[in-house]
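Colleague: Hi! Have you got a few minutes to look over this model with me? I'd like to go through how the pieces fit together.

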Amino acid sequence: MSGPVYQDGVLAHGTHGERERLRLLEELNDPTTVGVLERLGVAADWRCVEAGAGHGSIARWLAARCPDGLVTATDLDTALLTESPVPANLTVERHDVTRDGFPAGSQDLVHARALLGHLPDPELALDRMAGWLAPGGWLVVEDPTYLPAADSPYPEFAALLEACQELLARAHGTDHGWARRIPAAMARSGLTDIGMTMRVAVCGTDRTEDAFWRRCFAQATPGLIETGLMTAEQITAAVAHLDDPAFTDTAWMMVSCWGRRPS
Ligand SMILES: C[S@@+](CC[C@H](N)C(=O)[O-])C[C@H]1O[C@@H](n2cnc3c(N)ncnc32)[C@H](O)[C@@H]1O
């Protein structure tokens with residue numbers, strides 16, 4: 001694979017704070033993900049793949065939900081997935097979703113959150129994942145996207161969010177515009193019953209959300225300064241908004257999409 005490599009970038013699992021950032025990501029986004037999966041009707045005997053599983057909360061939720069099925073949690077780096085005991089129906093596999101696969105038609109559910117936007121060709125990865133689905137099986141893909149920075153009443157905060165996006169694009173090849181293209185990509189892959197919802201991340205009023213973004217900004221700070229995208233003073237001024245009781249603005253929206261392989 002050419003281009004930026006996830007494990008060498010600012011979001012690599014070994015980066016200081018990334019473990020906690022992933023835990024906060026789960027705490028904030030699991031309720032929406034679980035809501036989507038529950039509406040699809042995950043059954044006790046489903047075979048599921050959780051791709052780019054990170055810390056593994058959704059893989060573990062699926063394992064509890066599918067006692068007669070099998071859940072495979074994959075990641076480039078599986079260390080966080082085996083930190084606590086792994087249930088018998090949960091398999092952990094080191095797996096690069098751009099190269100490694102599952103047999104065609106072998107899965108009832110394939111889920112990936114905050115993964116495809118980091119890949120060099122998210123459409124191709126989605127197409128490959130759709131190919132793993134059995135007839136009637138569901139693909140669920142979730143990725144974040146941002147509102148236009150120019151519309152923010154807090155230019156310093158919006159500039160920091162934009163600089164972080166640029167840093168991720170350089171470090172990991174991340175494309176935050178991808179999230180809005182997911183339903184069209186699902187349709188091109190031949191999926192039907194396509195749906196979309198999103199959770200807006202509001203900063204300034206939710207302690208967990210603010211803790212997540214403080215973590216993101218702290219991890220990005222060395223890279224932002226090193227690349228000249230922002231100065232230390234600009235970052236400090238932007239992050240200080242989170243201490244202002246009057247401050248409220250959006251950070252990103254987590255877009256959740258689902259589509260089904262025709263029976
Ligand atoms: C931002 S984290 C999201 C983790 C988890 N899906 C969640 O939402 O809580 C992205 C995860 O994808 C993994 N990842 C990145 N590139 C990958 C690839 N090519 N194949 C498999 N996993 C990958 C990373 O190691 C990381 O654990």
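Colleague: Which residues in helix 1 meet helix 2?

Modeller: Happy to help, and keep in mind that this is a predicted model. On the helix 1 side they are Glu26, Asp30, Thr33, Val34, Leu37 and Glu38. Across from them, helix 2 brings Ser57, Ile58, Trp61, Leu62 and Arg65.

Colleague: How do the residues of that contact divide into nonpolar, polar and charged?

Modeller: Between helix 1 and helix 2, five are nonpolar, two are polar and four are charged.

Colleague: Thanks! And at what angle do the axes of those two helices cross?

Modeller: Roughly 35 degrees, with the axes of helix 1 (residues 18-40) and helix 2 (residues 57-65) coming within 10 Å. The crossing of helix 1 past helix 2 is right-handed.

Colleague: Switching to the sheet: how many strands form it, and in what order?

Modeller: There are seven strands in an open sheet, ordered 3-2-1-4-5-7-6, and their pairing is mixed. At the edges sit strand 3 (90-94) and strand 6 (192-203), each of which pairs on one side only. From one strand to the next, the twist averages 15 degrees.

Colleague: Remind me, how do strands of a sheet pair in general?

Modeller: They pair through backbone hydrogen bonds, in either a parallel or an antiparallel way.

Colleague: OK, so in what sense do strand 6 and strand 7 pair?

Modeller: Antiparallel, over nine bridges, with strand 7 covering residues 249-260. If you want landmarks, threonine 197 stands opposite serine 256 of strand 7, and glycine 195 stands opposite tryptophan 258 of strand 7.

Colleague: What about strand 5 and strand 7, over how many bridges do they pair?

Modeller: Eight, and that pairing is antiparallel. There, valine 141 stands opposite cysteine 257 in strand 7.

Colleague: Is strand 7 mostly covered or mostly open?

Modeller: Mostly covered: of its twelve residues, ten are buried.

Colleague: Which helix lies across strand 6 and strand 7?

Modeller: That's helix 6 (residues 207-226), which runs at about 85 degrees to strand 6.

Colleague: Last one: which strands does helix 3 lie across?

Modeller: Helix 3 (residues 122-131) lies across strand 1 (47-51), strand 4 (107-113) and strand 5 (133-145). Its direction is at about 150 degrees to strand 5.

Terms used: Residues are numbered from 1 along each chain as its sequence is written. This is a predicted model: local features need pLDDT of at least 70, side-chain atom pairs count only at pLDDT 80 or more; totals for chains, interfaces and linings use all residues. Side-chain values use heavy atoms; hydrogens and water are left out. Axes are lines fitted to C-alpha atoms, for helices over the stretch in contact, and angles run from 0 to 180 degrees between N-to-C directions. Helices (H or I, at least four residues) and strands (E, at least two) are DSSP runs, numbered from the N terminus. A crossing is left-handed if the near helix is turned anticlockwise from the far one by less than a right angle, and right-handed if clockwise. Contact means heavy atoms within 4.5 Å. Ala, Val, Leu, Ile, Met, Phe, Trp, Tyr, Cys and Pro count as nonpolar, Asp, Glu, Lys and Arg as charged, and the others, Gly among them, as polar. Two strands pair if DSSP finds at least two bridges between them. Buried means under 20% relative accessible area, exposed over 50%, partly exposed in between (1.4 Å probe, protein chains only).
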